[in-house]
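Trainee: Could you walk me through reading a fold like this one? I'd like the general idea each time, then the case at hand.

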Amino acid sequence: MPAPTTAATYDVAVVGAGIVGLAVAREVLRRRPGARVVVVEQEADVAAHQTGHNSGVVHGGIYYQPGSLKAQLCVEGARLMYDYCAEHGVAHERSGKLIVARHAGELGRLDELYRRGLANQTPGLRRVDADQVREIEPHAVGVAALHAPDTGIVDFAEVARAIRRELEVEGVDLRFDEQVLAIDETGGLTTGRGRIRARRVIACAGLWADRLARAAGADANPRIVPFRGGYLALRPTPEPIVRGMIYPVPDPELPFLGVHLTRHLGGEVSLGPTALLVAARDAYALGRVRGRDLWESLTWPGTWRVARRHWRAGAGELLTAVSRRRFVAMAAEYVPGLTTADLAPGGTPASGPRPSIVTARSSTTSSSPTPVSRPSCAMLRRRQPPPPSRWPVSSSTAR
Ligand SMILES: Cc1cc2nc3c(=O)[nH]c(=O)nc-3n(C[C@H](O)[C@H](O)[C@H](O)COP(=O)(O)OP(=O)(O)OC[C@H]3O[C@@H](n4cnc5c(N)ncnc54)[C@H](O)[C@@H]3O)c2cc1C
């Protein structure tokens with residue numbers, strides 16, 4: 001049943017009911033109790049995209065440049081996330097993470113990560129030797145590792161549902177199945193259902209963040225280029241093969257962290273994700289093609305720059321995405337003896353969109369060691385005086 005277009009003026013309109021949009025709406029109310037807030041979401045429920053399709057890891061802030069905002073947000077965010085889960089009864093577990101060096105050639109990068117992690121005050125971080133690797137993860141091998149005992153696991157969709165309940169109690173209007181088509185500077189949004197007036201708009205649109213930013217007059221650079229992360233699950237065993245998380249030492253030349261093993265709440269162990277350039281921002285199925293997404297990726301100079309620079313890694317990712325044997329072999333470098341016989345039977349691998357912000361020319365938009373970064377959110381204020389202009393964002397099928 002479509003919600004009627006409202007004549008009310010909100011203090012703040014948040015676009016997107018992923019974890020970022022919901023947390024932003026919650027924070028607005030904490031800072032301004034009584035503010036009239038609306039959250040507008042194009043899907044039927046919260047956490048429909050990245051928030052509901054990720055590895056579920058509460059990261060400890062090891063990787064990021066010391067002093068950077070990302071490092072601060074990651075460490076402080078993890079602390080707040082655990083507090084929130086405890087307060088609201090959301091299941092979580094500090095199962096710990098090992099970043100494993102397979103051979104001496106990876107020790108230099110491991111030590112650099114250690115330096116960063118210590119500078120970032122990642123809780124409990126220590127460097128461990130090969131024997132300690134075995135003590136922490138009996139099935140894993142490596143010449144050395146970093147152990148972050150406070151790194152944990154949570155279901156971010158469950159966190160999103162908890163915030164939704166809080167917002168409902170606070171009287172926030174949550175409008176689902178309503179896509180924002182345009183943001184104008186006269187104070188509001190045009191949606192598939194009509195107009196919403198708001199003094200402030202905060203766009204937390206995840207996979208489509210660049211389109212909404214452009215809709216508010218921002219530059220077309222950078223752009224989101226869609227990748228897809230595929231996972232495999234291991235067959236359940238009485239004693240889990242992995243107790244916490246086992247990660248590779250990331251290669252700073254590559255845009256993603258690499259295939260890792262993660263034991264989730266409930267004991268399921270996943271392998272992944274891969275990172276495959278795909279033809280739709282919401283490519284949960286490998287073959288999904290959306291004309292606009294494909295066109296925007298192919299005509300974006302940054303896509304070709306990344307492809308030229310990483311064609312070898314890209315070809316490897318393609319092979320990994322189509323070959324379960326190769327996928328498992330990558331994980332077996334950390335847990336020897338794993339074979340395709342250890343995979344859960346008959347399951348189609350889970351997947352998640354991995355949108356990446358890619359600039360037109362320079363190699364990176366972020367302080368992360370990767371040449372791409374993930375989209376977050378943008379605050380759009382009314383300018384004075386407001387020009388009566390409006391920009392199209394997307395049609396209802398253009399996701
Ligand atoms: C494969 C993968 C693994 C990951 N693993 C981890 C991990 O282990 N730990 C971790 O901390 N992070 C991880 N992440 C990152 C994490 O999932 C994201 O940072 C986070 O979920 C982003 O939340 P969001 O609210 O910004 O985006 P989303 O959850 O994508 O939400 C954005 C929302 O905006 C809505 N929207 C967009 N455009 C419009 C519009 N025009 N009108 C109305 N609504 C709109 C969308 O429908 C969507 O619901 C991972 C991400 C991926 C892809």
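Trainee: In what order do the seven strands of the open sheet run?

Mentor: General idea first: strands of a sheet pair through backbone hydrogen bonds, either parallel or antiparallel. Here the order is 6-7-5-16-17-18-15, with mixed pairing. Strand 6 and strand 15 (232-233) are the edge strands, each pairing on one side only. Strands are DSSP E runs of at least two residues and helices are H or I runs of at least four, both numbered from the N terminus; two strands pair if DSSP finds at least two bridges between them.

Trainee: And what kind of model is this?

Mentor: This is a predicted model, in which local features need pLDDT of at least 70 and side-chain atom pairs count only at pLDDT 80 or more, while totals for chains, interfaces and linings use all residues. Residues are numbered from 1 along each chain as its sequence is written.

Trainee: How many bridges join strand 5 to strand 7?

Mentor: Five, and strand 5 (residues 97-101) runs antiparallel to strand 7. One pair to look up is Lys 97 with its bridge partner Ala 148 in strand 7. Strand 6 (residues 126-129) is also antiparallel to strand 7, joined by four bridges. There, Arg 126 stands opposite His 147, and Val 128 has Ala 145 as its bridge partner.

Trainee: Which way do the residues of strand 7 point?

Mentor: In a regular strand the side chains alternate between the two faces of the sheet. In strand 7, Ala 144, Leu 146 and Ala 148 point one way, Ala 145 and His 147 the other, and all are buried. "Buried" means that 20 or more other C-beta atoms lie within 10 Å of the residue's own; 12 or fewer makes it exposed, anything in between partly exposed, with C-beta atoms placed from the backbone. Because five of the five residues of strand 7 (residues 144-148) are buried, the strand is largely enclosed by the rest of the structure. For the protein as a whole, 47% of the 399 residues count as buried.

Trainee: Which helices should I look at against that sheet?

Mentor: Try helix 3 (residues 107-119), which lies across strand 5, strand 6 and strand 7 and runs at about 20° to strand 7. Helix 10 (residues 324-332) packs on the sheet too, touching strand 15, strand 17 (260-263) and strand 18 (269-272), and its direction makes about 105° with that of strand 18. Contact means C-beta atoms, placed from the backbone, within 7 Å. Axes are lines fitted to C-alpha atoms, for helices over the stretch in contact, and angles run from 0 to 180 degrees between N-to-C directions.

Trainee: What is the order of the three-strand open sheet?

Mentor: That one is 3-8-4, with antiparallel pairing. Its edge strands are strand 3 (57-58) and strand 4 (92-93). Strand 4 and strand 8 (residues 152-154) pair over two bridges, and His 92 has Val 154 as its bridge partner.

Trainee: Is Ser 95 buried or exposed?

Mentor: Buried, because it has 21 C-beta neighbours inside 10 Å. Ser 95 is in the loop between strand 4 and strand 5. Leaving out residues up to four places away in sequence, its contacts include Gly 152, Ile 153 and Arg 243. Ser 95 and Arg 243 are 148 residues apart along the chain, yet their C-alpha atoms are separated by 6.9 Å.

Trainee: Which backbone oddities should I check?

Mentor: Most residues other than glycine have a negative phi, and most peptide bonds are trans. Against that, the bond from Asn 221 to Pro 222 is cis, with omega near 5°, and so is the one from Gly 272 to Pro 273, with omega near 0°. Gln 121, in the loop between helix 3 and strand 6, has a positive phi of about 60°. Asp 177 has a positive phi as well, near 55°, and lies in the loop between strand 9 (173-175) and strand 10 (180-184).

Trainee: Which residues come nearest to the ligand?

Mentor: Gly 16, Gly 18, Asn 54, Gly 206 and Gly 229, out of 36 residues around the ligand; a residue is near if its C-beta atom, placed from the backbone, lies within 6 Å. Helix 1 supplies the largest share of that shell, three residues.

How values were computed. Contact = placed C-beta atoms within 7 Å.
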